[in-house]
Amino acid sequence: MYQEIDLDQIEVALEPPEKEPEREYYFMAKCRERVRAFAQKNGRFPTACVVNMGCQMNARDSEKLRGILNAIGYMPAESEEADFVLYNTCTVRENANNKVYGRLGKLGHYKKKHPGMMIALCGCMMQEAHVVKRLREQYRFVNLVFGTHNLYKFAELVWRAMTEEDMVIDVWEDAGEIVEDLPLRRKYSFKSGVNIMFGCDNFCSYCIVPYVRGRERSREPRDIIREIERLAKDGVVEVMLLGQNVNSYGKNLAEPMSFAALLREVEKIEGIRRIRFMTSHPKDLSDELIEVMAQSKKICRHMHLPLQSGSSRILKAMNRRYDKEHYLSLVEKLRAAIPDIAITTDIIVGFPGETREDFFETLDVVRRVRFDSAFTFIYSKRSGTPAAEMEHQVPEDEVKENFDVLLKEVQRIGAEKAEELAGRVFPVLIEQQNEQDASLVTGRLSNNSVVHVPGGVSLVGKIVDVRLTECKGFYYLGQIEDENVG
Ligand code: 5AD
Ligand code: SF4
C-alpha cells in the first residue's frame, strides 16, 4: 500500500526497477530530489495545478495525478500561475478541444515570462493523432504530452520532462496493465470515486470514447473491495463506482462477476453509508441489479440511464442496441421496484439523419418518463467515428431549435418533479460550504438533488436530516431537523 512507502529509502543511484508500481516510486523519489533542490534555491516548494476538464473518470484520474505530484513534493495550487500546470483533457465533443487550444495559448504567454515552468497535457484528447501533431507543430512550449493508457507512468514521464530538452510525447495506442497502489490526493475527505473498470466496448456510432479509452477492462473485485475498505477506514462514507458502462462489469474477468454481485459485496463494507455508480447502459441493465438496488440500504435512489434518443430508428443508427420500448420498459421496472428512484439521462440532439419525427419521439420519451434531470447535448461530429461518415448531417438552425425545445421541456418537467418532494424530510450528506453564501452549507439527497441549508463547515461529511423548505427548480433550500443522523 502506497502510504507505507518511504520514498527516502529508495536508492535512486541504482537502475530503475522494471516492476510496477515500484518503478514509479523510484521515479517519484528521483523527481523529489529535483524538487528539493528547487526549494533550496528558491526558498519555497514549487506549485502544481491540475486542471480537470472532463467527466468523473477524468476527475478521478486527476486525483491520481495530484497524488503523484504531491508525493514528488509539489504544493497544490488552484491557479494556473503555477510552476507545473497539467491539463487533463476531454474530447467527447469538439468544443472541449477548441477550449484547450485557447487556454493553452494563454498559458504559453505566461510561460514566456516564467521560463522555468512546466506545462503538461494528458487525457482523452491526447489519444488523437491530429491533436498531438498540432501540439508538436504549434505549441512547442509544452513539456509533456501523454495519454490515457500510461497515466500510471506519470512519475517517470515527469522525470523525463524535467531532464530532457525536447517536448516529451508518450501516447500509447493500447491499454497497458492496471497498476494498483499509486498515491492519490482526494478532493473530498468523506466521499470518493472508485474505478471499477476502464474503457468501453460498445462503439456507439457517435462516440469517441472506445477509441481513446481502449477496450473494456474490469478491475479485480478484491482490489476494488480492498480500496473501498481502506477508504472507509479513512473516513469516507460515500463511494461512486466508476466505469463507462458499469452494467457490464466483470464479464471479462478470469472469474466473471456481475455488477450486481459486486454491489452486494460493497454493501457489506462497514463505514460505507452511500453507494453510487456511473454510468449505466440500458442494454445491460439487469433485473438482478434492480433487485439488488431495491433491497439495498446503501445504494442511492438514483439511476443515470443515458437515453441518447427516443427514436428507435436513430438508436439503431447510433448502435445503442436497445429501442424506445425497451428503454420505457426499463424505467417502468425501476419505478415499480424502487418507487422513490430519481432517473436522469443524457440526450443528443441532431444526430445525422434525425428528422422532426425522430425528435418528437425523443420528446415523447421525455414526457412519458419524466426525468428528474437530463443533460442535453448537440451532436458533435468526432472524426474517426462511424457517425462522422454518415450522410444527412442535420442543419444547424434546426438542431438549435430542437435543442431549445428539448431543454425547456426537461427543465419544466425537472422542476415539477422536484416540487413533489418539497416540504418533506430526507437524509442529506453535507458536502461543502456554499460557494456564494458562507452561512450555508450544501449537500445532496440520496436521489442526487442538491440542497442548501444554514450551517457551518463542521457539518461537512455528515449525514443529517433536512426538511426541504423550498424548491428552487433544480435545487432546494432546507432546514436541518436532526444533526445526529450520522
Ligand atoms: N456528440 C454529442 N454528445 C456526445 N456524447 C458522447 N459523444 C457525443 C457526441 N459525439 C454525449 C452522450 C454521452 C455523454 C457523456 O456525452 O450523451 O452519454
Ligand atoms: Fe461512448 Fe457508448 Fe461507450 Fe458510453 S457506452 S462511452 S456513449 S461508446
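Which elements do the buried residues of H9 pack against? The model is predicted, and helix H9 is a good place to enter it. H9 covers residues 287-295. Its buried residues are Leu289, Ile290, Val292 and Met293. Viewed down the axis of H9, these buried residues fall within an arc of 165°, so they line one face of the helix. They pack against helix H8 (259-267), strand E11 (274-278), strand E12 and helix H11 (324-337).

One of those partners, E12, leads on to a set of paired strands. Strand E12 spans residues 302-304 and pairs with strand E13 in the parallel sense, over three bridges. Within this pairing, Met303 stands opposite Ile343 of E13. E13 also pairs with strand E14 (residues 373-378), again in the parallel sense. Here there are six bridges. Val349 has Ile378 in E14 as its bridge partner. What lies between E13 and E14 in the β-α-β unit? Helix H12, residues 356-369, does, and the unit is right-handed.

How much of E13 is buried or exposed? The strand runs over residues 342-349, and eight of its eight residues are buried. Its side chains split into two sets. Ala342, Thr344, Asp346 and Ile348 point one way from E13. Ile343, Thr345, Ile347 and Val349 point the other way. Both sets are buried. Note that Asp346 and the threonines Thr344 and Thr345 are among these buried residues.

Further along the chain comes a barrel. It is closed, has five strands, and runs E15-E16-E17-E19-E18 with mixed pairing. From one strand to the next, the twist averages 55°. Helix H13, residues 396-421, packs on this sheet. H13 touches strand E15 (425-433), strand E18 (463-471) and E19. The direction of H13 makes about 120° with that of E18. Inside the barrel order, strand E17 (residues 450-454) and strand E19 (residues 475-482) run parallel. Three bridges join E17 to E19. At one point of this pairing, Val450 stands opposite Tyr475 in E19.

Now the backbone. Most residues other than glycine have a negative phi, and most peptide bonds are trans. Several places in this model depart from that pattern. Which bonds are cis? One joins Glu20 and Pro21, with omega about 5°. Pro21 sits in the segment before helix H1 (22-42). Another is the peptide bond from Met278 to Thr279, where omega is near 0°. Thr279 belongs to the loop between E11 and H9. That brings us back to the helix we began with, since E11 is one of the elements that the buried residues of H9 pack against.

Positive phi values come up in the loop between helix H10 (312-317) and H11. Asn319 is found there. Its phi is near 60°, and Asn319 is not a glycine. Arg321 lies in the loop between H10 and H11 as well. Arg321 has a positive phi of about 65°, although it is not a glycine either. Are these side chains buried or exposed? Asn319 counts as partly exposed because its relative accessibility is 28%, and the partly exposed class lies between under 20% for buried and over 50% for exposed. Arg321 is partly exposed too, with a relative accessible area of 48%.

Technical notes. Residues are numbered from 1 along each chain as its sequence is written. Chains are lettered from A and ligands numbered from 1 in the order in which they are written. This is a predicted model: local features need pLDDT of at least 70, side-chain atom pairs count only at pLDDT 80 or more; totals for chains, interfaces and linings use all residues. Side-chain values use heavy atoms; hydrogens and water are left out. Two strands pair if DSSP finds at least two bridges between them. Helices (H or I, at least four residues) and strands (E, at least two) are DSSP runs, numbered from the N terminus. Axes are lines fitted to C-alpha atoms, for helices over the stretch in contact, and angles run from 0 to 180 degrees between N-to-C directions. Contact means heavy atoms within 4.5 Å. Buried means under 20% relative accessible area, exposed over 50%, partly exposed in between (1.4 Å probe, protein chains only). A crossover is right-handed if, with the strands pointing away from the viewer, the path from the first strand over the helix to the second runs clockwise. The arc is that of the directions from the helix axis to the C-beta atoms.
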